[in-house]
Amino acid sequence: MVAYERALGRWGSAVAGPQLSFTEVFESPGGTVVLDIGFGGGEALVELAETRPHEHVIGVDVHTPGIAAVFEAVEQRGLRNVRIVEGDVVDFLDRIPVRSLAVIRTFFPDPWPKRRQHGRRLIRPDVAVQLASRLHAGGSMHMATDDRGYAAQMREVCDATPGLAGGVIDRPSWRPVTRYEQRGLDEGRQAVDLVYVASDSSPNVSSSAPR
C-alpha cells in the first residue's frame, strides 16, 4: 500500500482542484492529450501509451487493482507520458480546460444492464455535453461496448450532442483487445466501436455535469 500511495503521489492527479496545466502535469511542452475513462485492468492504456509516446494520457478509474497495474507498468517501462486519476471522471471534469483534449477514449464502460440502472451509464446527455466541450475542434471521442443496448444509447446521445458528428466505425486494428473484451468474444458478444468528432461549434461548458 505504501508503494501504491507513493506511485499515486508521483504519477497521479487529484480529482478535485484548480484547472490543470498539461505542460506542468506532464513536465513537458506540447504533446497530444488523451483522456482515457474507465481503463479497467489497464492493458489498452498501457499498450497505447507505450506505442504512442507522443500522446500524453490521463487515465481515470476507480478500480484500485487496475490503477496499481498501470503504476507498475509506468515504473517498469518508463512511461512518462501517463498520469492517473483515482475517482469518478464526472468529478474530475472541472479540472480539464475546455477545448484542451485531442482524444477521449472510453472502452467498455460499465453497461449497467438493468433498466433501472441506465441513468448511471457514463454516456448520457449531461455528461456527453461536458465531454464534447473538452475536445478541441477536430478532436475525437472513441467509445467501444459489447452491449448492443448501450451502443444504441451512445449513438442516440452523441447524435443529439451539439458539435459532435460521427457514428459506428469498423473495429480499428490498433485497438488492443482487453480481458473484458476477450471474455465477451468468448461468450459470443461482438464489440461496437463509435467515433464522434468535435467541430468548433461544440458547446463551451465549464461546470460539472449534475450527478
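## Exercises on burial, contacts and helix crossings

Phe108 counts as buried, with a relative accessible area of 10%, where buried stands for under 20% relative accessible area, exposed for over 50% and partly exposed for the range in between, computed with a 1.4 Å probe on protein chains only. The model is predicted, so local features need pLDDT of at least 70 and side-chain atom pairs count only at pLDDT 80 or more, while totals for chains, interfaces and linings use all residues. Residues are numbered from 1 along each chain as its sequence is written, and side-chain values use heavy atoms, with hydrogens and water left out.

**Exercise 1.** Locate Phe108 and Glu27, and state which of them is buried and which is exposed.

*Solution.* Begin with the secondary structure, in which helices (H or I, at least four residues) and strands (E, at least two) are DSSP runs numbered from the N terminus. Phe108 lies in the loop between β4 and α6, and Glu27 lies in the loop between α2 (22-25) and β1. Next, take the backbone: phi of Phe108 is near 60° and phi of Glu27 is near 55°, each a positive value in a residue other than glycine. Finally, compare accessibility: Phe108 is buried at 10%, whereas Glu27, at 54%, is exposed.

**Exercise 2.** Describe the surroundings of Thr178, starting from its place in the chain.

*Solution.* Thr178 belongs to the loop between β6 (164-169) and α8 (179-186), and its relative accessibility of 10% makes it buried. The side chain of Thr178 then reaches the backbone nitrogen of Glu181 at 3.1 Å, which can be set against the criterion for a polar contact: a pair of N or O atoms within 3.5 Å, where within protein one atom must be able to donate a hydrogen and the other to accept it, and residues adjacent in sequence count only if both atoms are side-chain atoms. Contact in general means heavy atoms within 4.5 Å, and, leaving aside neighbours within four places in sequence, Thr178 is in contact with Glu43, Ala44 and Phe108. Val177 sits in the loop between β6 and α8, but at 43% relative accessibility Val177 is partly exposed; it touches Arg171 and Gln182, not counting residues up to four places away in sequence.

**Exercise 3.** Work out how α4 crosses α3 and how α4 crosses α1.

*Solution.* Two packed helices are described by the angle between their axes and the distance between the axes. Here, axes are lines fitted to C-alpha atoms, for helices over the stretch in contact, and angles run from 0 to 180 degrees between N-to-C directions. Angles under 35 degrees count as roughly parallel, over 145 as roughly antiparallel, 65 to 115 as roughly perpendicular and the rest as oblique.

1. The axes of α3 (residues 43-51) and α4 (residues 64-77) come within 10 Å and cross at roughly 25°, so α3 and α4 are roughly parallel.
2. The crossing of α3 and α4 is right-handed, the term used if the near helix is turned clockwise from the far one by less than a right angle, with left-handed for anticlockwise.
3. Leu45, Val46 and Glu50 in α3 meet Val70, Ala73 and Arg77 in α4. By class, this contact has 4 nonpolar, no polar and 2 charged residues, where Ala, Val, Leu, Ile, Met, Phe, Trp, Tyr, Cys and Pro count as nonpolar, Asp, Glu, Lys and Arg as charged, and the others, Gly among them, as polar.
4. The axes of α1 (residues 2-11) and α4 also come within 10 Å, but cross at roughly 70°, so α1 and α4 are roughly perpendicular, with a left-handed crossing.
5. Tyr4, Ala7, Leu8 and Trp11 in α1 meet Thr64, Ile67, Ala68, Phe71, Val74 and Glu75 in α4, a contact whose residues divide into 8 nonpolar, 1 polar and 1 charged.

**Exercise 4.** Why is helix α6 described as largely enclosed by the rest of the structure?

*Solution.* Helix α6 (residues 125-134) is largely enclosed because 7 of its 10 residues are buried, namely Val127, Ala128, Gln130, Leu131, Ala132, Ser133 and Arg134. These buried residues pack against β1 (32-37), α5 (89-92), β4, β5 (135-145), α7 (148-159) and β6.
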